[in-house]
Amino acid sequence: MATTELLPLPVTKGLGDRLSEKRKNAALEIERLVRDKVEKNEFGDIKVIIVILQKDFTLSANPNNRKGGLMGLAATAIALGKACIGMHLPELIPPILACFQDQDPRVRYAACESLYNTIKISRSSTLMFFNPTFDGLSRLIADNDANVRYGAEMLDKLVKDIVTESPHFDLDLFIPLIRTHIYSLNHYVRQFVVSWIVLLDQIPDIHLYAHLPEFLDGLITILGDNNKEIRKMAEACLGEFMKEIKAERMRDVRFQDMTNIVVVHAMDERQLIQLTALHWMKTFLQLAGAPMLSFTDNILTAILPCLSYDSEKTAVKNIASEVNQQLKELITPDIDIVPGSSVVSDSTIPTSGEVPVAVITPGSSDADTSRGSEETIRLETADASPLNVVSVLEVLLTNMDHKAQDTRIEALNWLLWLHKQVPRRTYLLASKLFPSLMDLLSDNSDKVVTLDLTVVKMLATSQAYTGNSSNKLTPYFRQFLVKLLQFFHSNRRLLEARGSFIIRQLCVLIDAHHVYITIAEILLEESNFEFASLMVQSLNMILFTAKELLELRIELQNLATTESWELFLSLYHCWCHNSVATVALCLLSQNYGHAAQLIEYFGNIEITSGFLQEVDKLIQLLESPIFTFLRLQLLDPHGHSDLVRSLYGLLMLLPQSTAFTTLQHRLSCIPTLLATQPTAKRSCDAKRLVPSSVKFDSLFEHFKVMQSKHYEANKAKTTEILITVQHF
């Protein structure tokens, strides 16, 4: 059938007219013609009319023809009515939607108008074209032309009304559209997408919250929009979802699918986004509980840096602190399960010889470390607990190196908490901590260093270790002290600046007796005699001056038990690395006869300026409150003749100096009458029972051997320097 037979020439001519009024009249004529066809059931002719309107008009190069074709299609839809339009929608809708992308804004507006009139008739039947309609609207809603945007807004309202009243809306097909368009940077599109999310969430039969993980990321991102109204809109939308999550819909909430999304946004620098993400994180922890432990590492990555925020981000810091505490409370002792073993014993952490599982012993190779790492991986793979201790430790180690002090402190607090709640699992992975623990010893903050040493104490006294240990200390105690001395050896500035503080804190946290004995045993094997002497000098000064070591000084002063004599012997053998320190130890322990013997031997060793400086310091110590007991003993010179002889020996060593004058004045105070009175010789040493294992002659021989070794080492070093100088 010819075109003119279905659409008379005046009609086709009017549809392409440049005047809008003539196009409208032509469209009204098409409406009349189609109604007539409907009454006669000539639906085949109607399809032909639609094809003519599409091909000859909507696809025409003439914009007036395109606008007329769109008006004709709308007129056809109106004429078909609700009863008949459904069968013709596949021919009517696509050409209209195609014009949404027309280059002429007037055509785009006409397309909005045409689709509006069409779906106003078809209503819910149009939902089969919802996705392309939504996609087209998302572009027109951000159109450069104000009229087009207005037309798109009107069409959008109608589509929303249709969706609201329809029971057959396919949410699963719609979600991908939301996920795609929600990341648009255009604020009109963002507003459009959020408005649709709000609408669908309000429809009782549509459970949009079940799909929240699909678009939560984009919705939170919109909180960073420059437009205040859009931010408020997104914030209100998120608030409604939060209310729903807290209410009756908890069972269907996909917490785990959303947690990582929230974690990522919790690290955003924009405060509103960060605050919102942290509030969601807090809610997830409250409602989901223990399953959230599988995200502990990611959550800590996000919140630990927040704990160091300044006053400008107080709100973020506070909520991060709450999340941090909630996360800690989820870690309970019942998840402290070590696969294949209920305890950590010598079978897993040997005290000597082989390298323990996940433990690096002093001097161990990279291969040893690798073997420990493999065991760690096996441990976590076999563990059914949601808490991945390996991953958590890696995050904590990273944050122990954070530039902010509060973050470093909380990372250390977390280590302590993990060991308290899951000691066996934490202890097995302790070797991972050593490098970072050593690095933190040079931290400028006393609080950080103290906490760092508290972690060391935790490892050294862990109840998770059930191996053989007479002093209830784990192998990590000695390993740490070995590493500490190595650290001091390579970093003399640290020894000078923080050495005393570190040793004192260790003595408080663990036990001064064990700390000093173990260090003495390690230093006794030290091959670098210069460092050993320096270390003994430092340890000796700490021993004599630190209030934290008062009990140790009293123990050495009295030597009332077998254990105290063992302590003296351990220190003596090591203290022989430094001759003056050895004399000081003998004076403190009231072994005056041996002290006098050592001082007399000083005539056989090299007297250097450094040696004299140490003697000066010793004289200052003798005048301090620590040696009050010694000075009072000078009131009985006959009973303490070895003491008097020792002090005069020191006096004879000194050149004319302030220290010489000080000691001379002190010795001049010895009662002359008592000093000249004939009396039986008495010795303070004789008043104490010296164990048979203490052989002062052997100790003296050891002292001479050590001094000889130092002499040879100094001689070799001097020769090496001379050779180097001559070479150059």
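**From a side-chain contact to the whole chain**

A polar contact of 2.9 Å joins the side chain of N298 to the side chain of N260. The model in which this pair occurs is a predicted one.

N298 belongs to helix α16, which covers residues 296-303. Once neighbours within four places in sequence are set aside, the residues in contact with N298 are N260 and V263. The second of these, V263, lies 35 residues from N298 in sequence, while the C-alpha atoms of the two are 6.7 Å apart in space. The relative accessible area of N298 is 28%. Buried residues fall under 20% and exposed residues over 50%, so N298 counts as partly exposed.

The next residue to consider is T407, in helix α20, which spans residues 405-421. Is T407 buried or exposed? Its relative accessible area is 0%, which is under the 20% cut-off, and T407 is therefore buried. Residues up to four places away in sequence are not counted in its list of contacts, and T407 touches L304, P305, S308, N399 and H402.

The description can now pass from single residues to a pair of helices. Two packed helices are described by the angle between their axes and by the distance between those axes. For helix α25 (residues 492-509) and helix α26 (residues 512-524), the axes come within 7 Å and cross at roughly 130°. Why is α25 described as oblique to α26? Angles over 145 degrees count as roughly antiparallel and those from 65 to 115 as roughly perpendicular; the crossing of roughly 130° fits neither class, so α25 is oblique to α26.

On the α25 side, the contact is made by I503, L506 and C507. On the α26 side, A512, V515, Y516 and I519 take part. By class, this contact of α25 with α26 has seven nonpolar residues, with no polar and no charged ones.

These local details sit within a protein chain whose secondary structure comes to 37 helices and zero strands. The chain has 728 residues, and 53% of them are buried; T407 is one of the buried residues. Among contacts in the chain with a separation of 6 or more, 73% are between residues 24 or more positions apart. The accessible surface of the chain comes to about 33400 Å², and carbon and sulfur atoms account for 52% of that surface.

How values were computed: Residues numbered from 1 in each chain as written. Predicted model: local features only at pLDDT ≥ 70, side-chain atom pairs only at ≥ 80, totals over all residues. Heavy atoms only, no water. Helix = DSSP H or I, 4+ residues; strand = E, 2+ residues; numbered from the N terminus. Buried < 20%, exposed > 50% of the residue type's maximum accessible area, 1.4 Å probe, protein only. Contact = heavy atoms within 4.5 Å. Polar contact = N/O pair within 3.5 Å; in protein donor to acceptor, adjacent residues only side chain to side chain. Areas by Shrake-Rupley, 256 points an atom, 1.4 Å probe, with all protein chains shown as cover. Axes fitted to C-alpha atoms, helices over the stretch in contact; angles between N-to-C directions. Parallel < 35°, antiparallel > 145°, perpendicular 65-115°, else oblique. Nonpolar A, V, L, I, M, F, W, Y, C, P; charged D, E, K, R; others polar.
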